[in-house]
Amino acid sequence: MTYIGKSVKRVEDKRFITGKGNYTDDIVLPGMLHAFILRSPHAHARINSIDISEAEKAEGVVKIYTGKDIAESGVGGIPTGWQVNFKNGDTMKEPPHPILVTDKVLHVGDNIACVIAETKQQAKDASELIEVDYELLDAVSNPRDAAADGAPLVHDDAPNNICFDWELGNPKEEVDAALEGAHHITKLELRNQRVVPNAIEPRCAIGQYEDSTGKYTLYTTSQNPHLTRLLMTAFVLGIPEHKVRVVAPDVGGGFGSKIYHYAEEAMMIWASQRIGRPIKWTSDRSEAFMTDAHGRDHVTTAEMGFDKDGKIVGLRVNTHANLGAYLSTFAPAVPTWLHGTLLQGVYTTPKIHIDLVATFTHTTPVDAYRGAGRPEATYLLERLMDTAALEMDMDPTELRFKNFIPAFDGVEQEGYTTQVALQYDSGNYETVFKRALEMVDYDNFRKEQEEARKNGKYLGIGFSTYIEACGIAPSAVVGALGARAGLYEVGQVRVQPTGKVSVFTGAHSHGQGHETTFAQVVADRFGIPLEDVEIIHGDSDSVAFGMGTYGSRSLAVGGSAIVKSIDKIIEKGNKIAAHKLEASEDDIEFAEGKWTVKGTDKSIGFGDVALTAYVPHDYPEGVEPGLDFSSFYDPANFTYPNGAHIAVVEVDKDTGKVTLKRFIAVDDVGNVINPMIVDGQIHGGLAQGIGQALHEGAIYDDFGQLVNASYMDYTMPRADDLPSFEIDRIETPCPHNPLGVKGAGEAGAIGSTPAVVNAVMDALRPHGIKNLEMPLTPERVWQAMQS
């Protein structure tokens, strides 16, 4: 019975498409109150006073808390989970991140007061009666401007708003020398604009305190319930961890924005204990724009040098990364170890150096958003490659072929060691790119493009050959890089007496299809029907521990933990089967759901062994009853998915509108468990990457106001903006995990953005346009064509 590699329909979809999903906001508890957070309308202001007296009299109001109440209770601030030091070894600046502010607001949407009432509307109405006396202060929103002398300070203890400066790669003088000796240098000023996550389900948190047991329960829209429990108990509220249960039920998308511990979660738990009733807070979409951690926002100067034959000789990068007003959970890791370490790309660049300055600004905090650092690195590299090809009058495909890292499998050929601290596991980048070129029929396209230009049509083609680091781990490595947590995963497999299987995983599904994919792995390994397997996740009382879902790690790390437990069960089953079959354990083999004595037809089935384990009347001496194992899996290395994406566009010469006519994606995500689910992951990522290239972008004005903080102004990609995607795969298995998988969740969002932008630049080539800032809106493209 084989399930691995099969496009099994998702078992969880039935409850979703029939309206039977159970999301946090669906939960209604007896006596539940509702909270509304009063938020700052200003990006930077001193709070002279807060008057809640009229609001307290409003109908339905139970209690109003301000920052003073939180501070007097001894509650801590929201911590960050990653530390990055300055170049000189000094510790990064880590200002406090209060649950409710006391004396100063630092971005639009900063938390000022929490109104708790019988209904959400009553809480919202009462919040409008709170009077706050603000003293407005100057604000800064651009990360490069923030580091300039004289810029308004976000935190007094962070001079020039610098959280840290950081460098990686070869010695700077070696890279400088390589570029000085280069035959050609391509230089670009790039802005990887800020984007808003916009998960379909806004965040929600319910805090419940049970006085009779002293236990707290938090229901929350989280990708990472165990980490939320750890941070909230140990660093914020000081509650014993065993007294807190965190439940993340069905979650409607996250894209990274629901990894983090947010102030509202701690606020609901803290207030519930004081009031003695459960309290729910649900974000509306306007709040989500202001308070969900944003993504990207890098300002970069990048230079790539080439010899006379087109071989890369060096890469020099200077980046300012925007962290927003406070440090979110993994914010320091994104521009450094998820961005700087990927600047090798898929090329043999011999000298690389990045200087990075991470700054605070008066904006919403920035953290990992689908791809997290890797899209920024890929965009930088792939824009340089296409621009360099144009400047050197070379075909962009030829330039890539000249510089690809040769194929390696990580077994016969050692993994490729980069100039920026990584060792790739396996890859065949040239073969992947060739397959994409075959699919687009590249030579024929260039002929069509030439004819189209004669007729006044602007067609363009753009390329992106990317690599990413996924399966974020091992713990010892990330610990050395600044992680304040281990990045292993936990998988428990419990075989019931009847042979049915319950799997408890620390990974959390918010759209990835874990209940199907994990079940396929288990059913395939045990040789049992898929319907005999259930997957349990998202509840800290059911699952002992876990590190959640992000960084395309679920299958590579979480699935591998499950496989370790499966192997332990099979090993114990060998002992039981050998006893029942009166054979030596060395003569027992397991396949297709049964244990067999080698070379005979004597066998015992999976269900019979399971029953024997729980009814141990005739049982091997010294073997414990039961068939239940838990495993922690800490990988030996990251995994490295890669691929080649090609975009074909047409630019309307009269309006500047970009039409995406074709999109080809050939990805190497290692072994594939469920092709249909992987296809869906790729499609979703492509839509988000294309959205950033053509439509999306959070815009702050000089006063720190997010001027497009609603769907009236913030453009999301729609179905009619996208063609039918043409996708294929080349599989080079990961050599260091038992499933050979690499991860697929972020690939589409990493490779697609530069492919689209490169295609638009190719279409605009007759106008002499080499670089435009994203998103490539009709107005921006039209203006460039006119100039």
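**View A. Arg15 is partly exposed, with a relative accessibility of 25%.** The model shown here and in the other views is predicted. Arg15 pairs with Asp250 in a salt bridge, with N and O 2.8 Å apart. Arg15 belongs to helix α1 (residues 13–17), while Asp250 sits in the loop between β11 and α8 (263–275), so the bridge ties together parts 235 residues apart in sequence. Asp250 has a relative accessibility of 11%, under the 20% cut-off, and therefore counts as buried. The partly exposed partner is thus Arg15, and the buried partner is Asp250. The salt-bridge count for the model comes to 47.

**View B. Glu174 and Lys351 form a salt bridge.** Their closest N and O atoms are 2.8 Å apart. Glu174 is in helix α6 (residues 172–180) and Lys351 is in the loop between β14 (312–322) and β15, so this pair links parts separated by 177 residues in sequence. Glu174 is partly exposed, at 35% relative accessible area. Lys351 is partly exposed too, at 27%.

**View C. His353 is placed in strand β15 (residues 352–359).** Is the residue His353 buried or exposed? With 3% relative accessibility, His353 counts as buried. Its side chain has a polar atom 2.9 Å from the backbone oxygen of Asn170. A polar contact also joins the side chains of His353 and Asp355, at 3.4 Å. Beyond residues up to four places away in sequence, His353 touches Glu167, Leu168, Asn170, Pro171, Lys172 and Val175. Leu315, Arg316 and Val317 are also among the residues that His353 touches. Asn170 thus appears both as a touching residue and as the source of the backbone oxygen that lies 2.9 Å from the His353 side chain.

**View D. Lys770 and Glu391 meet through their side chains in a salt bridge.** The N to O distance is 2.7 Å. Lys770 lies in the loop between α19 (747–763) and α20 (778–786), and Glu391 in helix α10 (residues 374–391), so the bridge ties together parts 379 residues apart in sequence. Lys770 is partly exposed, at 37% relative accessibility. Glu391 is partly exposed, at 26%.

**View E. Salt bridges with shared partners join five named residues into one network: Arg39, Arg203, Glu264, Glu287 and Asp292.** The two arginines named in this network are Arg39 and Arg203. The acidic members are Glu264, Glu287 and Asp292.

**View F. Domain 1 and domain 3 have C-alpha centres 39 Å apart.** Their contact takes 19 residues from domain 1 and 16 residues from domain 3. The area buried between the two domains is about 1,400 Å². Carbon and sulfur atoms give 47% of that area. Which residues of domain 1 lose the most area to domain 3? They are Gln223, His226 and Arg245, which together account for 40% of what the domain 1 side buries. The assignment divides the protein into domain 1 (13–137 + 200–253 + 258–291), domain 2 (364–469 + 639–786) and domain 3 (488–633).

**View G. Polar contacts and salt bridges cross the interface of domain 1 and domain 3.** How many salt bridges are counted between domain 1 and domain 3? The count is four. Arg245 forms a salt bridge with Asp539, with the closest N and O atoms 2.6 Å apart. Across the interface, 13 residue pairs are in polar contact. On the domain 1 side, α7 (225–237) and β11 (244–247) are the elements that give two or more residues. The residues of that side comprise nine nonpolar, five polar and five charged.

**View H. Gly548 lies in the loop between β19 (533–536) and α16 (554–581).** Gly548 is buried, at 1% relative accessible area. Which residues does Gly548 touch, not counting residues up to four places away in sequence? They are Gln223, Asn224, Glu489, Gly506, Ala507, His508 and Arg553. Gln223, touched by Gly548, is also one of the domain 1 residues that lose the most area to domain 3. Gly548 and Thr348 are 200 residues apart in sequence. In space, their C-alpha atoms are 34 Å apart.

Key. Residues numbered from 1 in each chain as written. Predicted model: local features only at pLDDT ≥ 70, side-chain atom pairs only at ≥ 80, totals over all residues. Heavy atoms only, no water. Domains from an automatic or database assignment. Contact = heavy atoms within 4.5 Å. Buried area = accessible area lost by both parts, 1.4 Å probe. Polar contact = N/O pair within 3.5 Å; in protein donor to acceptor, adjacent residues only side chain to side chain. Helix = DSSP H or I, 4+ residues; strand = E, 2+ residues; numbered from the N terminus. Nonpolar A, V, L, I, M, F, W, Y, C, P; charged D, E, K, R; others polar. Buried < 20%, exposed > 50% of the residue type's maximum accessible area, 1.4 Å probe, protein only.
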